Amino acid sequence: MTTSVNFIYWFIALFPILVILFFMISLRWSGGRAGSLSWLVTSGIVLFIFGASTKLIAVASLKGLWNTIFIIYIIWGSMAIYNIVDKIGGFQSIASTFTQLTGGNRILQLLVLGWAFPSFLQGVCGFGTPVAVAAPLLIGLGFNPIIATITALLGHSWAVTFGSLGSSYAAIIETTGLDPEGIALTASIFLAIVCVFIGLTICFIYNGLKGLKEGALAAILLSLTMGITLIISATFISPYLASTLAGLVGLLVGGFVLPKIKWFKVKHFEDKKDEKNINFHIAFAPYYILIAIVFVVYLSPLKKLLSVYKIGLSFPETETAVGFINQAISSYNPIELLTTPGTLIFLSALLSILYFYFKGLWKIPYSREIISLVIKQAFPATLTVMTMSMMASIMVDAGLTNLLAQGTAKFTQHFYPIFSPLIGMLGAFMTGSNTSSNILFGVFQRDVANFLGINAIIIASLQTTGGSLGNAISPMDVALGAAVSKIHGQEGTIIKKTILYVIFMEIIVGFLGYLYLKLN
């Protein structure tokens, strides 16, 4: 077998992904079943066709399992917070307050809590937290769980590059060595364009053309507000705070400015009072606590002090028969025990229980009931994340993911910029992380740009834009959303309802990048 890229091997490398999509979307298998099958299929492909050893499969599978700890930690913690608020009847109060704030306008509620709020959370914390927090809140407001999950997935995706205090942005500039200011400006422009499509897509998914008609103006106003803020922040303030500031401005405009406009006021609006009469701020306390803890830890010297406590596993070097090598690593993807989002979420849950206890809203038996509920609800998602991550890790370590990228570059040639975001999406789809996608494909995208003689900054910006959007359809992120929304087994439905919109946005951004390169 030759190492040169040809269509047959490219298609074989793509086959595990097709297996996932077919069984989850067409046959509506659960993520756990589809993930288990895809892991077996991928193992067979790399063993018998790409010359991988059983050692490589075992090591890669263990890497995948290790990666899941980070995500599972978030899932379990987020579900704990949701059940805590639900146990005291807090969602009735939250729903009533947001209904009053938005004048009963359901589209505004969806856009503010499912788009602006997750964008803000993505800016500060990220790593799945925005989806885990926003989706249950939307469900508490009475939105369909699938719509709520899709909205949160799409709503946070555009903010990923400059989110998590710029972790994905840092990854692309560190791996490529390209001009940080150039990437900050270009990527923020691409993402601002994506932001417009995100808002309109959310309106359409919510209620088709009627939803688009009702919410288009609000979506455009919010997207312009957040997009322009992102560009200004990334260019003139700090790329590491750009998504945080954009989300914050979106929250303020969506929560306090747009509801005052006559266009968005609902006729004959009657608010249903909260029967349990729990104050909104008391009901929302767990989320206040979470935001406060995240700010204190992530935006202060405390993060640096606490980050010394980390743990990472060591893995040996592995190699395929065709010469694809994975270097030995002494500390693979180390987890910062005290500052990882899961720890902050669980800490928020514990403090919330104490707060509700002193408020007279919490009884001791509730804690045991919450633990039982979380275990029952989180187990299916845990299986999905584990199997999907193992499969993705094998594809990466056996060189299949790299082969897919190389084949795309070879087949597209000078039209490559149009497809560049799709490579970024592929990386995020496989790993569940734009940061990982940028590390995986950043140098590759730069080298292809240099080979084709085109602006590498544009291509790197398309890479990280594509990776951001890829988070909306990554099986691991989708599994997280389905878990906290209590719709296990609906992962395929979520991907089916989302994937075409994401691919459309990827191609639109890629085409704009292509036009820019042709005209300059």
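Leu-217, Leu-221, Leu-248, Leu-252, Phe-256, Val-257 and Ile-261 come together on the surface as a nonpolar patch, and their joint accessible area is about 560 Å². Such a patch joins nonpolar side chains (Val, Leu, Ile, Met, Phe, Trp, Tyr) within 5 Å, using residues with over 30% relative accessible area and no salt bridge, that is, no side-chain nitrogen of Lys or Arg within 4 Å of a carboxyl oxygen of Asp or Glu. Areas come from the Shrake-Rupley method with a 1.4 Å probe, and for residues only the protein chains shown count as cover.

The model is predicted: local features need pLDDT of at least 70 and side-chain atom pairs pLDDT 80 or more, while totals for chains, interfaces and linings use all residues. Residues are numbered from 1 along each chain as its sequence is written, and side-chain values use heavy atoms, leaving out hydrogens and water.

Which helix gives the most to the patch? Helix 10 does, with four residues, and Phe-256 sits in helix 10. Helices here are DSSP runs (H or I, at least four residues), numbered from the N terminus. Helix 9 (180-237) and helix 10 (242-257) each supply at least two patch residues.

Now let's visit helix 3 (residues 54-87), home of Ser-61 and also of Val-85. Buried means under 20% relative accessible area.

| Residue | Relative accessible area | State |
|---|---|---|
| Ser-61 | 7% | buried |
| Val-85 | 0% | buried |

Leaving aside residues up to four places away in sequence, Ser-61 touches Trp-39, Met-390 and Ile-394; contact means heavy atoms within 4.5 Å. With that same exclusion, Val-85 touches residues including Phe-91 and Tyr-287. Val-85 and Tyr-287 are 202 residues apart in sequence, yet 9.6 Å apart in space, C-alpha to C-alpha.

Key:
Buried < 20%, exposed > 50% of the residue type's maximum accessible area, 1.4 Å probe, protein only. Patch = residues over 30% accessible without salt bridge, like charges linked within 9 Å, V, L, I, M, F, W, Y side chains within 5 Å.
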